[in-house]
Amino acid sequence: MAHTELVQIADERYVMSPRTKMWIGVLIIVGIVLTTAGIFMHKSGAGHHETNTTVVEEHGGHNGDAHAAEATAAAHDSHAEEAHGANHSETTTTGHEAEAHHADVPWTARLWSNVLINSWFFFLLAIIGTFFIAINRLANAGWSAGLMRIPEAMGTFLPFALLLLLIPIAFGAEDLYHWMHKGITDKTSANYDAVIAGKSGFLNPAMLYGGTIAFCVIFILFTRALRKQSLKEDDAEPGELKHFKKSIRYSAQFTFLFAFLFSILSWVVVMSVDVHWFSTIFSVYNFATGFVSGLAVIALTVVFLKSQGYLSFINDDVMHDLGKYMFAFSIFWTYIWVSQYLLIWYANIPEEVTYYTARFNGPYALLFWTTLALCFFFPFIWFMTRNNKRKPMPLIIGAVVILVGHWSDVYLMVTPGVMQETGSIGLLEIGMPMIYSGLFIYVLLTSLSKANLFPKNHPYLQETVHHDVGA
């Protein structure tokens with residue numbers, strides 16, 4: 001829609017108030033207390049199962065072969081022989097899961113799985129900030145031009161996300177990744193696994209450590225390049241398009257690389273937790289989870305800044321589009337969720353259905369269906385109405401539900417593969433996201449305070465000011 005009226009917007013520089021800093025500090029401190037209490041609880045509780053764990057590990061660890069699982073089961077259940085005879089083919093196929101059901105997973109596995117869950121989830125939020133910039137540049141989108149400093153600030157968390165992601169990978173790989181166990185690809189070893197050995201050309205320490213670092217560094221470099229051009233644009237003469245055109249080229253390069261590198265990273269870091277299982281759309285599923293979560297962060301940040309007296313030129317129609325975005329990509333996430341589930345369900349191949357069997361049953365069943373409700377049914381119904389896409393409080397409620405739902409989605413990607421049937425939501429699962437949230441919010445707001453709150457010489461800024469959805 002063309003507009004002849006040019007609206008002058010005063011420069012804005014965000015200043016983090018002492019009250020905001022206090023609440024961020026409280027969030028982090030409470031998170032640390034809960035996390036510490038959770039660690040001590042799980043560590044002290046691990047001693048009650050030490051004997052059983054030792055017996056199982058003598059047969060090859062909590063994900064060992066089927067024969068070890070049967071031997072362990074027989075020691076605990078006088079009817080194991082009869083049960084094995086009735087379900088021999090299923091037990092043979094999914095021996096590593098069967099043994100895990102009888103094993104006691106070390107308390108460190110729960111710790112590292114939580115670190116991985118939160119590191120991956122907040123990495124998704126950071127990288128989606130850069131992706132949001134790139135696709136809007138490539139699409140020549142005008143409605144979002146005034147919001148661009150928010151996804152730029154989200155992207156500045158990427159270096160921290162990389163460091164946090166390396167912590168579980170460096171110190172908890174033995175607990176998280178069965179394919180990292182000693183002798184797993186050695187034919188002479190009692191731990192040898194032919195399936196994992198066949199994947200060793202891809203799943204190996206060099207890919208886990210080197211690939212994670214290399215891919216994230218590439219993302220960080222593109223994020224900084226896009227932000228640099230955006231900041232230079234502020235100092236350029238009005239109407240000068242040199243930096244804008246450069247950012248479009250960087251966006252095209254980033255989007256192309258992102259499609260490949262993010263896919264590989266999601267396979268190595270998350271999907272390989274269930275090493276015997278794979279999904280051809282797992283990376284798209286992770287992208288959908290990250291993208292709708294990133295949109296929720298952008299919406300929450302806009303509402304927060306407007307409540308502090310900033311970004312007054314962002315009208316209800318822009319908020320309406322953010323609400324529609326969250327509505328649309330909640331449906332897109334569900335489409336990918338159903339696609340992955342149906343492909344596995346109707347094929348009914350034993351080595352594939354074990355992924356969902358572990359999540360349908362035991363302690364994860366309730367969370368599994370609750371996650372679907374939080375990620376699809378609630379946002380689908382909630383954002384169907386016009387006012388809920390435009391008004392601050394409904395947007396806050398919808399965005400928070402989406403973030404909680406997709407955090408639990410990532411939890412379900414990781415925990416059942418690491419903890420098997422011993423997973424649950426406790427103090428550790430509540431406290432650690434609070435720590436990560438506090439760190440993320442602090443970095444986000446600090447980054448926003450270092451530049452003008454909107455790209456003042458963006459060629460499409462007036463499109464944001466005059467944005468009208470016609471509804």
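Start by selecting helix 14, residues 282–307. At 1.5 Å a residue, its 26 residues should span 38 Å, and the C-alpha atoms at its two ends are indeed 38 Å apart, so expectation and model agree. The model is a predicted one. Colour helix 14 by accessibility and most of the helix turns out to be covered, with 21 of its 26 residues buried. Just past the end of helix 14, pick Gly-309, which takes a positive phi of about 95 degrees.

**The whole chain**

Zoom out to the full chain. The secondary structure consists of 20 helices and zero strands. The chain has 471 residues, and 54% of them count as buried. Switch on the surface: the chain exposes about 20,500 Å², with carbon and sulfur atoms supplying 65% of that area. Among contacts between residues at least 6 apart in sequence, 83% join residues at least 24 apart.

**The loop before helix 14**

Next select Val-270, in the loop between helix 13 (242–269) and helix 14. Is Val-270 buried or exposed? Val-270 is buried, because its relative accessible area is 0%, and the cut-off for buried is under 20%. Show what surrounds the side chain. Leaving aside neighbours within four places in sequence, Val-270 is in contact with Trp-120, Leu-265, Phe-282, Met-413 and Val-414. Of these contacts, Met-413 is worth a distance label: Val-270 and Met-413 are 143 residues apart along the chain, yet their C-alpha atoms are separated by 7.2 Å.

**A second loop**

Move to His-178, in the loop between helix 10 (173–176) and helix 11 (194–198). His-178 is also a loop residue that counts as buried, because its relative accessible area is 5%. Add Ser-272 to the selection. His-178 and Ser-272 lie 94 residues apart in sequence, and the distance from C-alpha to C-alpha is 8.4 Å.

**The largest pocket**

Rolling a probe the size of a water molecule over the atoms shows where empty space is left. Which residues should be selected to find the centre of the largest pocket? Take Leu-27, Leu-300, Leu-403, Ser-437 and Ile-441, the closest to the centre among the 33 residues that line the pocket. The volume of the largest pocket is about 1,000 Å³.

To see the walls, show the elements that give two or more residues to the lining: helix 1 (18–46), helix 7 (107–138), helix 14, helix 17 (365–382), helix 18 (392–419) and helix 19 (427–448). Helix 19 gives the most, with eight residues. Colour the lining by class, and 25 residues come out nonpolar, seven polar and one charged.

**The second largest cavity**

How many cavities of 30 Å³ or more are there? The count is four. For the second largest cavity, select Tyr-285, Trp-337, Phe-368, Asp-409 and Leu-412, which lie nearest its centre among 13 lining residues. Helix 15 (316–347), helix 16 (350–360), helix 17 and helix 18 each give two or more residues to this lining. The volume of the second largest cavity is about 120 Å³. By class, its lining has nine nonpolar, two polar and two charged residues.

End the tour with helix 17 and helix 18 selected together. Both appear in the list of elements for the largest pocket, and both appear again in the list for the second largest cavity.

Note on methods. Residues are numbered from 1 along each chain as its sequence is written. This is a predicted model: local features need pLDDT of at least 70, side-chain atom pairs count only at pLDDT 80 or more; totals for chains, interfaces and linings use all residues. Side-chain values use heavy atoms; hydrogens and water are left out. On a 1 Å grid over the protein atoms alone, a cavity is a set of points where a 1.4 Å probe fits but cannot get out, and a pocket is an open set with protein on both sides within 12 Å along at least five of seven lines; lining residues have an atom within 4 Å of a point. Grid points are joined across faces, edges and corners, and a volume is the space filled by probe spheres set on the points. Helices (H or I, at least four residues) and strands (E, at least two) are DSSP runs, numbered from the N terminus. Ala, Val, Leu, Ile, Met, Phe, Trp, Tyr, Cys and Pro count as nonpolar, Asp, Glu, Lys and Arg as charged, and the others, Gly among them, as polar. Buried means under 20% relative accessible area, exposed over 50%, partly exposed in between (1.4 Å probe, protein chains only). Contact means heavy atoms within 4.5 Å. Accessible areas come from the Shrake-Rupley method with a 1.4 Å probe; for residues, only the protein chains shown count as cover. The expected span of a helix is 1.5 Å times one less than its number of residues.
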